[in-house]
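Let's take a walk through this fold, starting with how its strands pair up and working outwards from there. Keep the viewer open as you read.

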Amino acid sequence: MTAGTTVSREQVAAEARSQVAVLAEEVRRRRKERGLSLEQLGALAGVSRSMISKIERAEAVPSTTVLSRLAEALDVTFSRLMTPAIEREVLLIPASRQPVLRDEASGFLRRCLSPVLPGRGIDWVLNTLPPGASTGEFVAHRRGVSEYVFVLKGRLRATVGERAIVVEEGDSLYFEADTGHAFTNLGTDPCQYFLVIDASRMR
């Protein structure tokens, strides 16, 4: 192992710890802004009080399913829980500063590409699913929230409510996201796809 490799890994670990700390602070701050106790947020999100407590103390990294439930219960986008809000209208986000959440159980990788700007209702995410892996079911959004999917590499099955749609490389998909939905990689290689969550009609 070279010294450069060691530093690089240390930087990655430090960045991961920083993102967990941001997530912990944002969940706690937004819960208190809404006047919710841990028990009340847990009931709204369908997440245990102990898990929320661990997340707020930066002692646990939630799965994407848990985080989507918390975001929905707190009436915010996924990215707003991963990044503090900023005021700039023109913003470069270097790759090293894009919040990334990895689901250790499935290997599902979720990279937030969109800035968090007040008054915006767009979440832009680059997702990577290992072969055969699934995201697990995401909780239904409020009525008026839409999702757009574009598959960069691989083959994806989108399950929206009772419907299952196969999305091939280069295909795009749109759906109203006020029902449970999940994504599964049908291929033997990692599947990469862009996901845009549009909550602008909720403003």
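Before looking at who stands opposite whom, one convention: two strands count as paired if DSSP finds at least two bridges between them. Bear in mind, too, that this is a predicted model.

With that settled, try a first pair. In strand E9, phenylalanine 194 is the residue that leucine 126 stands opposite. The two strands involved, E3 and E9, run antiparallel and are joined by 8 bridges.

Now zoom out for the overall inventory. The protein has 5 helices and 9 strands, and along the sequence they come in the pattern α-α-α-α-α-β-β-β-β-β-β-β-β-β. There are 203 residues, of which 41% count as buried. If you take the contacts between residues at least 6 apart in sequence, 67% of them join residues at least 24 apart.

Back to the sheet that holds E3 and E9. It is an open sheet of 6 strands in the order E1-E2-E3-E9-E4-E7, paired antiparallel. Which strands stand at its edges? They are E1 (100-102) and E7 (172-176); each has a single partner strand, so one side of each is left without a neighbour in the sheet. On average, neighbouring strands here are turned by 20° against each other, direction ignored.

You can follow this sheet inwards from E1. That strand runs antiparallel to E2, with 3 bridges joining them, and leucine 101 stands opposite arginine 110 in E2. Arginine 110 also has a bridge partner in E3, namely asparagine 127. That second pairing, between E2 (residues 109-112) and E3, is antiparallel as well and covers 4 bridges. As background, side chains in a regular strand alternate between the two faces of the sheet.

How many residues of E3 (residues 122-129) are buried? The count is 6 of the 8, so E3 is largely enclosed by the rest of the structure.

Next, follow E9 (residues 191-198) to aspartate 198. Is that aspartate buried or exposed? Its relative accessible area is 16%, and since buried means under 20%, aspartate 198 counts as buried. Leaving out residues up to four places away in sequence, aspartate 198 touches Gly121, Ile122, Gly144, Val145, Ser146 and Tyr148.

Pick glycine 144 from those contacts. You'll find glycine 144 in the loop between E3 and strand E4 (146-153). At 13% relative accessibility, glycine 144 is buried too. Glutamate 176 is 32 residues away from glycine 144 in sequence, yet their C-alpha atoms are 7.2 Å apart in space.

There is also an open sheet of 3 strands, ordered E6-E5-E8 with antiparallel pairing. Its edge strands are E6 (163-167) and E8 (181-185), each of which pairs on one side only. The twist from one strand to the next averages 20°. Between E5 (residues 156-160) and E8 there are 5 bridges, and the two run antiparallel. One spot to click on is valine 160, whose bridge partner in E8 is histidine 181.

That leaves the helices, where H2 is a good place to stop. In H2 (residues 38-45), the buried residues are Leu38, Leu41, Gly42 and Ala45. Why do they line one face of the helix? Looking down the axis of H2, they fall within an arc of 100°, so one face is what they line. The face turned away from that buried side carries Ala43 and Leu44, which are exposed. Just after H2 comes glycine 46, with a positive phi of about 70°.

Finally, see how H2 packs against H4 (residues 64-73). The two helices meet at an angle of about 110°, and their axes are 8 Å apart. That makes H2 roughly perpendicular to H4. On the H2 side the contact is made by Leu41, Leu44 and Ala45; on the H4 side, by Arg69, Leu70 and Ala73. Sorted by class, this contact has 5 nonpolar, no polar and 1 charged residues. Two of the names should look familiar from the buried face of H2: Leu41 and Ala45.

How values were computed
Residues are numbered from 1 along each chain as its sequence is written. This is a predicted model: local features need pLDDT of at least 70, side-chain atom pairs count only at pLDDT 80 or more; totals for chains, interfaces and linings use all residues. Side-chain values use heavy atoms; hydrogens and water are left out. Buried means under 20% relative accessible area, exposed over 50%, partly exposed in between (1.4 Å probe, protein chains only). The arc is that of the directions from the helix axis to the C-beta atoms. Contact means heavy atoms within 4.5 Å. Axes are lines fitted to C-alpha atoms, for helices over the stretch in contact, and angles run from 0 to 180 degrees between N-to-C directions. Angles under 35 degrees count as roughly parallel, over 145 as roughly antiparallel, 65 to 115 as roughly perpendicular and the rest as oblique. Ala, Val, Leu, Ile, Met, Phe, Trp, Tyr, Cys and Pro count as nonpolar, Asp, Glu, Lys and Arg as charged, and the others, Gly among them, as polar.
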